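Take a look at the model below. The questions after it deal with its metal sites.

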Amino acid sequence: AKQAGKNTWSCFESSMSGQIEQRRLLLGQFREAVTRREIILAYQPLIDARTLALVGFEALARWPRPDGSFVPPDRFILLAEETGLICELGNYLLEQACRTAVSWPTDLTVAVNVSVGQLHAPDFLLTLQTILKKTGLPPARLELEVTESIFMDVNSTCAGVLHGLSDMGIKLALDDFGRGYSSLGFLKEFNFYKLKLDMGFIRDMNHDRRSAAIVRSVIELASELGVVVTAEGVETRSQLDALRRYGCTQVQGYLFSPAISGDETALLAERSRFS
Ligand code: C2E
Ligand code: CA
Ligand code: CA
Ligand code: CA
């Protein structure tokens, strides 16, 4: 029995060190990918719920592997945040997104996800100003998506940055709304242009009355506040129909399109309407 116990332990130990080794390997490859500018953006259409006109794209980070597959952002964004690489990566991606967006018709916006670590960098506003100037994208065509997590550590510089972004004419979107903590106070304090209703509610709204009630209430709240609501993760026609009935402003999801390559956006931008 003692022998077996020992074996179990050494097995556990080796799988632990295996995990650590794997993480070290991934981190090394990631560092290299950031330095070599190998991480790219894909773009998912944002659609007007009423007219089904294309209103813009959300930029989503992609890490291509040699075999043609992608490491999902949920894995490497966290890594980037933990290692401080998020600023270098984030600023690079911001510039790429703005560069791509200037080639679209001028009524289309680009939405970029921003991590809390970027907002806390002392030179973030200056960096953004430089990127907008360099690429020529008008600030009103740029949306920055932040999650409720930016309010977790009560940091006044973060508040200052959010106000600074609004003052520059950049639009702020509150991402994953409803997933985490109550953000009603933040809605009062900051000038959000948009709420993005978390896809968990959309997924369940047609078979769960509580999810449907939350979706309806958030849409009504947003309309009272004069804030745009985007429903994320719209996959079915019946979800779209319900969202339109409730008065949702924008929709995004696989029903319309997954994220596509930067090159493909030009073609789609010309077509400009879904059906
Ligand atoms: P998010 O910002 O909530 O982005 C939406 C995610 O849902 C994307 O996953 C998108 O591909 C996926 N999605 C879109 N439509 C549907 C649908 O109809 N059904 C389902 N099931 N999923 C759908 P993705 O690209 O894997 O990104 C995951 C998360 O990684 C993003 O969630 C965002 O939080 C983060 N992320 C992605 N790119 C960046 C970036 O450049 N910077 C930062 N800081 N975070 C990023
Ligand atoms: Ca987002
Ligand atoms: Ca989201
Ligand atoms: Ca998210």
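The questions and answers below go through this predicted model.

Q: Which residues are the protein donors of the calcium ion (ligand 3)?
A: The donor atoms lie 2.2 to 2.5 Å from the ion. Along the chain they follow the spacing D-D-x55-E. E232 is listed twice, each time through OE. The residues are D175, D176 and E232.

Q: Where in the chain do D176 and E232 lie?
A: The two are 56 residues apart and link distant parts of the chain. D176 belongs to a strand, E232 to a loop. That places D176 in β6 (residues 171–177) and E232 between β8 (228–231) and α10 (237–246).

Q: Is D176 buried or exposed?
A: The cut-off for buried is under 20% relative accessible area. D176 has a relative accessible area of 15%, so it falls under that limit. D176 is buried.

Q: Is E232 buried or exposed?
A: The same cut-off applies: under 20%. E232 has 7% relative accessibility, so it passes. E232 counts as buried.

Q: Which residues coordinate the calcium ion (ligand 2)?
A: The distances run from 2.2 to 2.3 Å. The spacing along the chain is E-x54-N-x31-E-x29-D. N113 donates through OD1, and D175 through OD. E58 and E145 each use OE. The full set is E58, N113, E145 and D175.

Q: Where do E58 and E145 lie, and how many residues apart are they?
A: E58 sits in strand β2 (residues 54–64). E145 sits in strand β5 (residues 142–147). This pair links distant parts of the chain, with a separation of 87 residues.

Q: Which residue coordinates both calcium ions?
A: The calcium ion (ligand 2) and the calcium ion (ligand 3) are 4.1 Å apart. One residue bridges them. That residue is D175.

Q: What is the relative accessible area of E58?
A: E58 lies in strand β2. Both E58 and E145 are buried. For E58, the relative accessible area is 4%.

Q: Which side chains have a polar contact with the side chain of E58?
A: One polar contact of E58 spans 2.9 Å and reaches N113, which also coordinates the calcium ion (ligand 2). Another spans 2.8 Å and reaches K196. The partners are N113 and K196.

Q: Which residues is E58 in contact with, leaving aside its neighbours within four places in sequence?
A: The list includes E145 and N113, and both coordinate the calcium ion (ligand 2). K196 is in it too. In full, the residues are A42, Y43, Q44, L46, A111, N113, E145, K196 and Q252.

Methods:
Residues are numbered from 1 along each chain as its sequence is written. Chains are lettered from A and ligands numbered from 1 in the order in which they are written. This is a predicted model: local features need pLDDT of at least 70, side-chain atom pairs count only at pLDDT 80 or more; totals for chains, interfaces and linings use all residues. Side-chain values use heavy atoms; hydrogens and water are left out. Donors are N, O and S atoms within 2.8 Å of the metal (3.2 Å for Na, K and Ca); water is not among the atoms, so sites may look incomplete. Helices (H or I, at least four residues) and strands (E, at least two) are DSSP runs, numbered from the N terminus. Buried means under 20% relative accessible area, exposed over 50%, partly exposed in between (1.4 Å probe, protein chains only). A polar contact is a pair of N or O atoms within 3.5 Å; within protein, one must be able to donate a hydrogen and the other to accept it, and residues adjacent in sequence count only if both atoms are side-chain atoms. Contact means heavy atoms within 4.5 Å.
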